[in-house]
Amino acid sequence: MKLYYKAGACSLSPHIALREAGLPFELEAVDLKTKLTASGEDFIRINGKGYIPALQLDNGKVLTEGAAIVQYIADLKPESGLAPANGSEARYELQSWLSFISSELHKPFGSMFNPAQSADWKAAAQALLSKRLDWLVTELGEREFLLGDRFTVADGYLFTVLGWAGMVGFSLDPWPSLQAYHARIGARPKVIEALKAEGLI
């Protein structure tokens, strides 16, 4: 398999999942401005949407959309515990978390990287994020991970998105428990491997 990625972007989530699952894979960086991969390929021919992540399978098929990719990775190695069994109540809980992170955190955080956004728009996005993080802290409570006492692909995704806060000037100081959560996930050996491979630490 080959993961097309950009360092520190949402592709970090499936990158973490691949390492946590212990699966063999290659990495290929993508320049999202030129739409060229590190080897000079036209990324639009790989993923017509033009954004990462994209996971090229061994049969040549390309999977896109992070929430789908991380579940695929987890299902390749069910004994890893990265996702509950398909059809279980816990699996739908995982999907609920992936959807929440994608729509309510990823999108507003991600859009704040756009220098064309007005100050008023960014203030509105920050207010929305504050509400979502207030809810998240209450929902997470004293649990170590989103689904309880076991790391799943949802934790890798939340870690990735929370990591953008400092990059867009959004302080997590009002949510010390989320800072502790982010540090806890960031201390995992496979997460450290992924961060080092992307040149982030």
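These legends go with a set of close-up views of one predicted model.

**View 1. Here's the whole sheet, strand by strand.** Five strands make up an open sheet, and reading across it you meet them in the order β3-β2-β1-β4-β5, with mixed pairing. At the edges stand β3 (36-37) and β5 (62-64). Each of those two has a single partner strand, so one side of each is left without a neighbour in the sheet. If you're wondering what holds such neighbours together, strands of a sheet pair through backbone hydrogen bonds, either parallel or antiparallel.

**View 2. Now let's zoom in on strand β1 and its two neighbours.** Strand β1 covers residues 2-5. With strand β2 (residues 26-31), β1 pairs in the parallel sense, and four bridges link the two. To get from β1 to β2, the chain passes through helix α1 (residues 12-21), and this β-α-β crossover is right-handed. Strand β1 also has β4 (residues 54-56) as a partner: those two run antiparallel, joined by three bridges.

**View 3. This one is about the residues of β1 themselves.** Look at where the side chains go: K2 and Y4 point one way from the strand, while L3 and Y5 point the other way. Are these four residues buried or exposed? All of them are buried. Find L3 and you can trace a link to each neighbouring strand: L3 stands opposite L27 in β2, and its bridge partner in β4 is L55. Y4, for its part, sits opposite E28 in β2.

**View 4. Next up is helix α3 and what it packs against.** Helix α3 spans residues 66-76. Its buried residues are I69, V70, Q71, I73 and A74. What do they pack against? Quite a list: α1, β4, β5, α4 and α6 (153-162).

**View 5. Let's stay in α3 and pick out Q71.** This residue is found in helix α3. Q71 has a relative accessible area of 13%, and because that is under the 20% cut-off, Q71 counts as buried. Leaving aside residues up to four places away in sequence, Q71 touches R91, L94, Q95 and L98.

**View 6. Here you're peering into the largest pocket.** The space in this pocket comes to about 660 Å³. Its lining is made of 23 residues, and the closest to the pocket's centre are A9, C10, I52, H106 and W164. Helices α3 and α4 (89-111) each supply at least two residues of the lining. Which element gives the most? That's α4, with four residues. Sorted by type, the lining has twelve nonpolar residues, seven polar and four charged.

**View 7. Last stop: S130 in helix α5.** Helix α5 runs over residues 119-140, and S130 lies in it. With a relative accessible area of 22%, S130 is partly exposed. Not counting residues up to four places away in sequence, S130 touches F170 and W175. Now compare S130 with P174: the two are 44 residues apart in sequence, and in space they are 9.0 Å apart, C-alpha to C-alpha.

How values were computed
Residues are numbered from 1 along each chain as its sequence is written. This is a predicted model: local features need pLDDT of at least 70, side-chain atom pairs count only at pLDDT 80 or more; totals for chains, interfaces and linings use all residues. Side-chain values use heavy atoms; hydrogens and water are left out. On a 1 Å grid over the protein atoms alone, a cavity is a set of points where a 1.4 Å probe fits but cannot get out, and a pocket is an open set with protein on both sides within 12 Å along at least five of seven lines; lining residues have an atom within 4 Å of a point. Grid points are joined across faces, edges and corners, and a volume is the space filled by probe spheres set on the points. Ala, Val, Leu, Ile, Met, Phe, Trp, Tyr, Cys and Pro count as nonpolar, Asp, Glu, Lys and Arg as charged, and the others, Gly among them, as polar. Buried means under 20% relative accessible area, exposed over 50%, partly exposed in between (1.4 Å probe, protein chains only). Contact means heavy atoms within 4.5 Å. Two strands pair if DSSP finds at least two bridges between them. A crossover is right-handed if, with the strands pointing away from the viewer, the path from the first strand over the helix to the second runs clockwise.
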